[in-house]
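Q: I've got a model open and I'd like to learn how to read it, one feature at a time. Could you walk me through it?

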Amino acid sequence: MNTIEKFNEHVMGTYGRYPLVMERGEGRCAFGEDGKEYIDFGSGIGTNSLGYCDEDWVDAVCRQARAVQHTSNYYYTKIQADFAAKLAEVTGYDKMFFGNSGAEANECAIKIARKYSFDKYGKDAERYNIITLKNSFHGRTLATLSATGQDVFHNYFFPFLGGFINAEANNIDDLRNKIDDRVCAVMLEFVQGEGGVNPLKKDFVEELFRICAEKDILVIADEVQTGSGRTGTFLTSEQYGVKPNITTLAKGVAGGVPVGVCLADEKCSGVLAAGHHGSTFGGNPLACAGGLAVVSKVSTKEFLEDVRQKGEYFRKKLAEIPEVEGVDGLGLMLGIRFKSKKASEVCGRCLESGLLVLTAKEKLRLLPPLNITYDEIDRGLDILGRVLE
Ligand SMILES: Cc1ncc(COP(=O)(O)O)c(C=O)c1O
């Protein structure tokens, strides 16, 4: 029995997988079981920020594995303290909760938002509704699926969690009409990732923040995909000139070990106290060691400037491909629109040709490792160009 047959015999079929068995990785390239090389423009859906097996990252995780690999959250670890302090330094948020995934980070954000209003306005105020945007994606748990503003995710698993209202992205009137005194938070992605790499408009975001501040409604930024340097600033909120009350991170923040982070500002960082929330693995020492290694590298001014420049380089080169109609996104989060080709077919053909890419709705999505080299970009885009001929 080969690996794929064995895998399918025992693992639930919850993903439509491509026929690639990944055996190892090196730099920005993955290698299949058959030895075939793939340039990686997907980084495990924006997760392997430093590519495969970055030496400092590997050293940090291995060093921690030899010291203490796990302890319950009834005790303290230095590595969790160090990771939290680094995140606080680079994000400007003093307090955070560690979980293991984007969905978990968002669950925490939802709980903080609801309890903030519960504590301040009382149970009878029923101030628990959260406005999320149409076409958003916030995760696969029942709460985060309920928050996700796409009908296609609201199937089978009834009843979904109540208390989520969808407003149209970039339509401030729709948002205004949906806000009432039972709304405790608005949740958004600055660039909708799974929804098709759609950046929010700056004036919409500014007005949204103004309205929310005026009405004591918390703003939750889901930066699970856009955060951790992906768009060329450590947080994408920096480019919009706003500071959400809550920001969530996951994916790229720890370079391939599971970490979800819920960052809260001074307004709501005291909402959760002992017993209100928890996670056995949250803040796991191995995960924090990986996270500290990533954040220490990707948060420097030079590194982020480099991400922005590489993003521009991608756009310039992509514009030279005749089949490319346009490119959306920010930094190294790119959504390519084609004139006539179907992104899903292009994705499959790229794989056959040795290039890993992603799709997001009708677009081809690129989330390359943040430390990709110009030579690797050229080699990957050569493959894409040939596939699109
Ligand atoms: C914006 C956003 N939020 C949340 C999630 C869920 O993250 P996870 O799969 O780590 O639970 C994702 C995953 O794609 C995401 O893109």
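Q: Let's start with F157: what does its relative accessibility make it count as?

A: This is a predicted model, so take each value as computed from it. The general idea is that a residue is called buried under 20% relative accessible area and exposed over 50%, with partly exposed in between. F157 comes out at 47%, so it counts as partly exposed. Y156, at 67%, counts as exposed.

Q: Which kind of aromatic pair do Y156 and F157 form?

A: For ring pairs you look at the distance between centres and the angle between planes; over 60 degrees is called edge-to-face, under 30 is stacked, and the rest are tilted. The rings of Y156 and F157 sit 5.7 Å apart, centre to centre, with 75° between the planes, so by that cut-off they are edge-to-face.

Q: How many aromatic pairs are there by this rule?

A: Seven aromatic pairs. Another of interest is F137 with F153: the ring centres are 5.3 Å apart and the planes make 55°, so this pair is tilted. F137 belongs to the loop between β5 (129-133) and α6 (142-147), while F153 belongs to the loop between α6 and β6 (164-167), so the pair ties together parts 16 residues apart in sequence. As for accessibility, both F137 and F153 are buried.

Q: Which charged residues lie over the face of a ring?

A: Here you check whether the charged end of a Lys or Arg sits above the ring rather than off to its side. R114 lies over the face of F164, at 5.5 Å from the ring centre. K243 does so with Y93, at 4.4 Å from the ring centre.

Q: Now the sheet. In what order do the strands come?

A: With a sheet, trace which strand sits beside which, then look for the edges. Here seven strands form an open sheet, ordered β4-β12-β11-β10-β7-β5-β6, with mixed pairing. The edge strands are β4 (95-99) and β6, each of which pairs on one side only. From one strand to the next, the twist averages 20°.

Q: How many bridges join β4 to β12?

A: Five, and β4 and β12 (residues 260-264) run antiparallel. To find one of these bridges on screen, look at F97: its partner in β12 is C262.

Q: Which helices should I look at against those strands?

A: Ask which strands a helix touches and what angle it makes with them. Helix α4 (residues 78-91) lies across β4, β11 (246-249) and β12, at about 125° to β4. Helix α8 (residues 202-214) packs on the sheet too, where it touches β5, β7 (183-188) and β10 (218-222). The direction of α8 makes about 160° with that of β7.

Q: Now the backbone. Is the peptide bond from F158 to P159 cis or trans?

A: Omega is the angle to read. For F158 to P159 omega is near -5°, and the bond is cis. You'll find P159 in the loop between α6 and β6.

Q: And phi? Which residues have a positive phi although they are not glycines?

A: Two to check are E126, with a phi of about 45°, and V197, with a phi of about 55°. E126 is in the loop between α5 (102-121) and β5, and V197 is in the loop between β8 (191-192) and β9 (198-199).

Q: Are E126 and V197 buried or exposed?

A: E126 has a relative accessible area of 38%, so it is partly exposed. V197 is at 0%, so it counts as buried.

Technical notes. Residues are numbered from 1 along each chain as its sequence is written. This is a predicted model: local features need pLDDT of at least 70, side-chain atom pairs count only at pLDDT 80 or more; totals for chains, interfaces and linings use all residues. Side-chain values use heavy atoms; hydrogens and water are left out. Rings of Phe, Tyr and Trp (its six-membered ring) pair if their centres lie within 6.5 Å; planes under 30 degrees apart count as stacked, over 60 as edge-to-face and the rest as tilted. Helices (H or I, at least four residues) and strands (E, at least two) are DSSP runs, numbered from the N terminus. Buried means under 20% relative accessible area, exposed over 50%, partly exposed in between (1.4 Å probe, protein chains only). A charge sits over a ring if NZ of Lys or CZ of Arg is within 6 Å of the ring centre and within 35 degrees of the ring normal. Two strands pair if DSSP finds at least two bridges between them. Axes are lines fitted to C-alpha atoms, for helices over the stretch in contact, and angles run from 0 to 180 degrees between N-to-C directions. Contact means heavy atoms within 4.5 Å.
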